[in-house]
Amino acid sequence: LFLAVDLNGVLCRRPAAGMRLGCPLPFNHDQFPNQFPSMVANSVPLDSPFAAPPPLEPARLPPGDRGKEKSYCSWLYPEPMLEKCVRYFEDLSQQKKIEWGIYTTITHSNAVPIVERLLQHIGCSDITIKESHRISYSFANQQHTAWLFSQEECEPDPELRFDNSKHQASLPTLGVCARLQDMTTRRVGHESKTVIVVGNAKKAKLIHENCLLVHDFTDLVVTRGGHTPLQRVRQAVQMLLKETDCRGLLRAA
């Protein structure tokens, strides 16, 4: 089984404009000379303007890659079960039952610092991310590897553009699924199944038979609690490992 998990919406939540939720604006981006409407809207929930910050502790990100434009630090919220799930994936990987990785529709250069920060958050060190899609890291003096696939492996979505940049959104494709399956089959020595975990149905337009749709890790879940996506992912992996044909299970999920 090759398992590719969506970065933003499953493994973590990075709010709009990289804001810290439930936090007064000056404590978010005091380096901005001008405050954009989206920044004001996402600083404190509109339905509770004096709300306390959410119970989840955010992790701070370094400035991203925006070409010639100036970039700033931002915030993200790791999914609460992130560490337990990564350890679970590592155990299964050592048993040669799965290969696991991360996929995202953002560019490789912007994905790298987010992945690094998430791995640091759960206690990993010696993190190296190569252009060849490989992530290596160590935990408790043991070396581990995973995969990273980014926007460069996706296709533009002709039906969706981002409001702020007007750029087309990106979608994982069946071609990517086939490539992952072939790559994993060669590594494990037998036919493998490819499953891409997403929290947003819009990202599954081209990969219905390979898609596991879980609860989206949204701003609302971060601030108010509720079902988190990685609970479902772990349960699904246990079932998928028992199935010879996982397509029916994925549709039911």
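These exercises work through the nonpolar cores, ring pairs and two loop residues of a predicted model. Residues are numbered from 1 along each chain as its sequence is written. Local features need pLDDT of at least 70, side-chain atom pairs count only at pLDDT 80 or more, while totals for chains, interfaces and linings use all residues, and side-chain values use heavy atoms, leaving out hydrogens and water.

**Exercise 1. Describe the largest nonpolar core.**

Step 1. Fix the terms. A nonpolar core is a set of buried Ala, Val, Leu, Ile, Met, Phe, Trp, Tyr and Cys residues joined through side-chain atoms within 4.5 Å. Buried means under 20% relative accessible area, exposed over 50%, partly exposed in between (1.4 Å probe, protein chains only).

Step 2. Give the size. The largest core holds 42 residues. Among those with the most contacts inside it are Leu3, Phe89 and Trp100.

Step 3. Find the main contributor. Helix 2 (residues 82–94) gives this core its largest share, six residues. Helices (H or I, at least four residues) and strands (E, at least two) are DSSP runs, numbered from the N terminus.

Step 4. Look for another core. A second, separate one has eleven residues, including Ala4 and Phe149.

Step 5. Set this in context. In soluble globular proteins, nonpolar side chains tend to be buried together.

**Exercise 2. Trace the surroundings of phenylalanine 89.**

Step 1. List the contacts (heavy atoms within 4.5 Å). Phenylalanine 89 touches Leu3, Val5, Ile98, Trp100, Val233 and Val237, leaving aside residues up to four places away in sequence.

Step 2. Apply the ring rule. Rings of Phe, Tyr and Trp (its six-membered ring) pair if their centres lie within 6.5 Å; planes under 30 degrees apart count as stacked, over 60 as edge-to-face and the rest as tilted. This rule gives four aromatic pairs.

Step 3. Classify one pair. Phenylalanine 89 and tryptophan 100 have ring centres 5.3 Å apart and planes at 40°, so they are tilted. Phenylalanine 89 lies in helix 2, and tryptophan 100 in strand 5 (residues 99–103). Both residues are buried.

**Exercise 3. Classify the pair of tryptophan 147 and phenylalanine 149.**

Step 1. Read the geometry. The centres are 6.1 Å apart, with 20° between the planes. The pair is stacked.

Step 2. Check burial. Tryptophan 147 and phenylalanine 149 are both buried.

Step 3. Widen the view. Ring pairs join Phe2, Trp147 and Phe149 into a cluster.

**Exercise 4. Is lysine 96 buried or exposed?**

Step 1. Locate lysine 96. Its place is the loop between helix 2 and strand 5.

Step 2. Compare with the cut-off. Lysine 96 is exposed because its relative accessibility is 61%.

Step 3. Note the backbone. Phi of lysine 96 is near 60°, a positive value in a residue other than glycine.
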